[in-house]
Number of protein chains: 2
Amino acid sequence: MAKSASFPKPDHDHSRCSASALRKAETICAARKVRLTDIRRDVLEIVWKSHVPVGAYDILAQLNADGGRTAPMAVYRALEFLMENGLVHRLASLNAFIGCAHLNAESGEGHHAAQFLICRACGTAAELESAPLTRALTQAVAERGFTIDSQIVEISGLCPHCAAL
Amino acid sequence: MAKSASFPKPDHDHSRCSASALRKAETICAARKVRLTDIRRDVLEIVWKSHVPVGAYDILAQLNADGGRTAPMAVYRALEFLMENGLVHRLASLNAFIGCAHLNAESGEGHHAAQFLICRACGTAAELESAPLTRALTQAVAERGFTIDSQIVEISGLCPHCAAL
DNA sequence: AGCTATAGTGTGATGTTATAACATATACAA
DNA sequence: TTGTATATGTTATAACATCACACTATAGCT
Ligand SMILES: [Zn+2]
Ligand SMILES: [Zn+2]
Ligand SMILES: [Zn+2]
Ligand SMILES: [Zn+2]
């Protein structure tokens with residue numbers, strides 16, 4: 001398995017991130033035999049416009065930028081689908097959504113546990129995949145006889161790029 | 001330092017938890033020279049009615065149960081004060097609030113980092129204080145050059161008592 | 001093609017959580 | 001007492017999320 005990616009650089013070619021994510025999403029949906037409909041694809045595309053988590057109503061506004069009349073419900077339904085299929089994550093501390101950085105067409109799994117680093121300066125959120133952290137967490141929980149269903153780990157602070165300014 | 005407390009038992013004498021928390025809160029506020037006013041105390045008392053996190057509007061309803069006219073703002077202001085002074089925590093995954101289980105009149109510190117276990121069956125939330133977890137988290141973050149401001153760790157699942165049923 | 005079951009979407013209303021803005025009151029110290 | 005900072009009251013509104021029900025499109029079958 002690849003080493004965890006570094007924090008997204010402010011000047012990286014993001015069109016590659018976006019295009020790759022969309023391509024993988026198509027593949028994954030085909031493999032899972034679920035339908036990536038227009039609205040779902042549009043929402044996913046908006047979410048992937050950057051590494052900054054975006055609110056449901058922001059997505060809505062972007063969908064309707066050209067005078068459309070999409071309702072909030074449509075956005076939430078699309079997000080629900082995308083989350084079920086592991087294509088986006090929700091950040092509880094921000095009430096916002098971000099594209100999953102660990103798409104893997106091979107894995108049959110839907111949503112997976114994720115940890116996030118969120119920069120207070122640039123707003124960028126990076127998905128963390130730390131085995132030691134997951135291990136420590138699992139262990140600490142198990143020691144207390146608790147059975148884990150789902151976890152939220154969201155760390156706010158300054159990303160290396162913003163700290164260097 | 002004491003070993004981390006176990007998950008709150010369904011049948012424990014909760015009036016002790018509550019009374020102790022309120023007493024410590026008085027002490028801490030006195031030490032910090034901040035005012036635990038009536039409304040703040042009332043809100044804290046409501047929060048401590050159980051180990052189940054409570055929503056701001058639930059608190060509001062309880063405050064107004066006798067026909068009062070307290071407004072949402074008052075509750076949010078009280079909660080803000082209580083959080084600043086480390087007396088309650090907010091659970092982002094539930095939009096709800098819970099009394100801090102690690103009150104320590106000695107420590108001059110206000111709010112501290114906390115981790116929570118939340119039972120999906122009984123709703124009880126227990127504050128976790130795991131040094132290894134904190135260490136793993138700090139390390140994983142530092143490795144990526146990220147500077148930590150605040151963290152949210154909320155783990156949902158089944159508590160030992162509910163699992164035993 | 002035509003039928004049917006299921007999944008997806010449209011629409012309007014409503015529910016829930018949180019904050020803005022400005023007026024008034026209270027505590028405390030000089 | 002009188003000023004100043006802190007706390008609260010009040011009204012409105014912002015921001016986030018879901019319900020309920022009607023309608024439409026799609027895929028699979030005959
Ligand atoms: Zn990118
Ligand atoms: Zn940054
Ligand atoms: Zn108790
Ligand atoms: Zn339980």
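1. In this predicted model, the surface near DNA strand C draws on both protein chains: α2 (38-47) and α4 of chain A, together with α4 of chain B, each supply at least two residues. The largest share, 3 residues, comes from α4(B).

2. There are 14 residues around DNA strand C, and those that come nearest are Thr37(A), Arg77(A), Tyr57(B), Tyr76(B) and Arg90(B). By type, the residues of this surface divide into 6 nonpolar, 2 polar and 6 charged.

3. Which parts of DNA strand C come within 4 Å of the protein? Sugar or phosphate provides 46% of those atoms, and the rest belong to bases. Individual contacts illustrate both kinds. On the phosphate side, an N or O atom in the side chain of Arg40(A) is 3.1 Å from a phosphate oxygen, and a side-chain N or O atom of Tyr76(B) is 3.0 Å from a phosphate oxygen. On the base side, a polar side-chain atom of Arg77(A) lies 2.7 Å from a base nitrogen of the strand.

4. DNA strand D may be read in the same order. Around this strand are 14 residues, of which Tyr57(A), Tyr76(A), Arg90(A), Thr37(B) and Arg77(B) come nearest. Sugar and phosphate account for 43% of the atoms of DNA strand D that come within 4 Å of the protein. At least two residues of the surface near DNA strand D are supplied by each of α4 (72-84) of chain A, α2 (38-47) of chain B and α4 (72-84) of chain B. Here the largest share, 3 residues, comes from α4(A). The residues of this surface divide into 6 nonpolar, 2 polar and 6 charged.

5. Three contacts with DNA strand D deserve a mention. A side-chain N or O atom of Tyr57(A) is 2.8 Å from a base nitrogen, and a polar side-chain atom of Arg77(B) lies 2.6 Å from a base nitrogen. Arg40(B), by contrast, has a side-chain N or O atom 3.2 Å from a phosphate oxygen.

6. The zinc ion (ligand 2) is coordinated by the SG atoms of Cys119(A), Cys122(A), Cys159(A) and Cys162(A), at 2.2 to 2.4 Å. Why is the arrangement called tetrahedral? The reason is that the 4 donor atoms subtend angles of 104 to 119°, and four donors count as tetrahedral if all angles lie between 85 and 135 degrees. For reference, the ideal angle for four tetrahedral donors is 109.5 degrees.

7. The donor residues of the zinc ion (ligand 2) are spaced C-x2-C-x36-C-x2-C in sequence. Cys122(A) lies in the loop between β3 (115-119) and β4 (125-128) of chain A, and Cys162(A) lies in helix α6 (residues 160-163), so this pair ties together parts that are 40 residues apart in sequence. Cys122(A) is partly exposed, at 33% relative accessibility, whereas Cys162(A) is buried, at 16%.

8. In chain B, the zinc ion (ligand 4) has as its protein donors the SG atoms of Cys119(B), Cys122(B), Cys159(B) and Cys162(B), lying 2.1 to 2.4 Å from the ion. This site is tetrahedral, with angles of 103 to 121° among its 4 donor atoms, and its donors follow the spacing C-x2-C-x36-C-x2-C. Cys159(B) and Cys162(B) are both buried.

9. Is His89(B), a residue of strand β1 (residues 88-91) of chain B, buried or exposed? His89(B) has a relative accessible area of 8% and therefore counts as buried, the cut-off being under 20%. Its side chain forms a polar contact of 3.3 Å with that of His112(B). Beyond its neighbours within four places in sequence, His89(B) is in contact with several residues, among them Met83(B), Phe97(B), Ile98(B), Phe116(B) and Glu127(B).

Definitions and conventions: Residues numbered from 1 in each chain as written. Chains lettered and ligands numbered in written order. Predicted model: local features only at pLDDT ≥ 70, side-chain atom pairs only at ≥ 80, totals over all residues. Heavy atoms only, no water. Near = heavy atom within 4 Å. Polar contact = N/O pair within 3.5 Å; in protein donor to acceptor, adjacent residues only side chain to side chain. Helix = DSSP H or I, 4+ residues; strand = E, 2+ residues; numbered from the N terminus. Nonpolar A, V, L, I, M, F, W, Y, C, P; charged D, E, K, R; others polar. Donors = N, O, S within 2.8 Å, 3.2 Å for Na, K, Ca; no water. Tetrahedral: all angles 85-135°; square planar, octahedral: opposite > 155°, others 65-115°. Buried < 20%, exposed > 50% of the residue type's maximum accessible area, 1.4 Å probe, protein only. Contact = heavy atoms within 4.5 Å.
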